[in-house]
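I wanted notes on one tyrosine and on the enclosed spaces of this model, and I set down below what I looked up.

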Amino acid sequence: EERLALWERLYGEPGFGIWLSNFREIFTDEKANAEFSEFIADNIRSRVKDPVVAEKLIPKDHGFGIQRVPLETRYYEAYNRENVHLVDLQETPIECITPTGIRTTKQEYDFDIIVYATGFDAMTGAFDRIDLRGVGGQQLRDKWVEGPTTFLGLQISGFPNMVMLAGPQSGSSATNFPRGIEVCVDWATKLLQFMWQHGYTRMEATPEAEERWSKHVAAMYNMVLMRKAKSWFTGYNSNVDGHEFGKIRHLVYNGGAPKYFS
C-alpha cells in the first residue's frame, strides 16, 4: 500500500520525479521494474478509451525508465480525440511518400505537414563527421569504430591538445545539459590556465588513464537495465552501420552527475 501510494503521488506530479525519485531497484532489478512498468501500463489504459489503442501505446520491448522517459501533459488523452489516429508501422509499414501524404500497406493518408523523426547518430556521430586526426594521422572515427574510449569524456589518448566539452562518457552526457557542460567548461578553462602559467604547449591523456576510465564507464552499464535497451544510450541505431542491437557502445556515464563532478 505504501509503495502504490508513493507511485500514485509521483505519477501525479510534474517533472522527472516518477523516474528519479522512485525506488532505486526499478533501474537495476527486472522484477521490480516489471511491477512498476505494469503500474504505468494500467495508468495508460485508464487514460485511453480505446483498449486496442491503449495496448499499442504501452511499450512492450522495454520497461519504464530503461529508455528515455518522456515528459507529457495530457499526451495519452489526445488519442481520445476523433481527429487523432494511431498507425502502427510494425503492422502496416510505410510504402512511400505521395504528393498528398503517406501510403502504408493498408491505406493512404493525406497530410498538410509531415514531420520526419528518424533518429540520430548519438554522441559520436558529430565527431565522426569531422576529419579529426591524431598522432601519426590516426582518424578519430577509426579509433572509435568499436565504440568511444576517453578519459573522463574530455580527452582522448593519441589526440593531444584536444578537449571535448560534451563528449561521450562525460558527466554532461547523461544529466541536465546546461549544468553538465558548465562543469566541463570550468575544468577545461582551469586546465588551459595551468598550461599557460607553466609554459606547457602539449597535453594528452595517457592510454592507461583512458583505459581505466572506459572500463569504469562499462562497469556502470553492467549495473543498470538500460544496457538491454534498443536505445541510443547503448549506441543502437538501425540506420548506421556498426550500431546493431546487442553491440553495446558505452556512450554515457551512468554513475550520476554528482559522482562525476566530485
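I took buried to mean under 20% relative accessible area, exposed over 50%, and partly exposed in between, with a 1.4 Å probe and protein chains only. By that rule Tyr 260 is buried, because its relative accessible area is 13%.

Before going on I noted that this is a predicted model, in which local features need pLDDT of at least 70 and side-chain atom pairs count only at pLDDT 80 or more, while totals for chains, interfaces and linings use all residues. Residues are numbered from 1 along each chain as its sequence is written, and side-chain values use heavy atoms, with hydrogens and water left out.

I then looked up the surroundings of Tyr 260, which lies in helix α10 (residues 257–261), helices being DSSP runs of H or I with at least four residues, numbered from the N terminus. Counting contacts as heavy atoms within 4.5 Å, and leaving out residues up to four places away in sequence, I found that Tyr 260 touches, among others, Leu 152, Ser 170, Cys 184 and Trp 213. The C-alpha atoms of Tyr 260 and Ser 170 are separated by 8.0 Å, although the two residues are 90 apart along the chain. The side chain of Tyr 260 also reaches the backbone oxygen of Leu 152, at 2.6 Å.

Last, I checked the lining classes, where Ala, Val, Leu, Ile, Met, Phe, Trp, Tyr, Cys and Pro count as nonpolar, Asp, Glu, Lys and Arg as charged, and the others, Gly among them, as polar. The lining of the second largest pocket has 20 nonpolar, 12 polar and 3 charged residues.

Methods:
Helix = DSSP H or I, 4+ residues; strand = E, 2+ residues; numbered from the N terminus. Polar contact = N/O pair within 3.5 Å; in protein donor to acceptor, adjacent residues only side chain to side chain.
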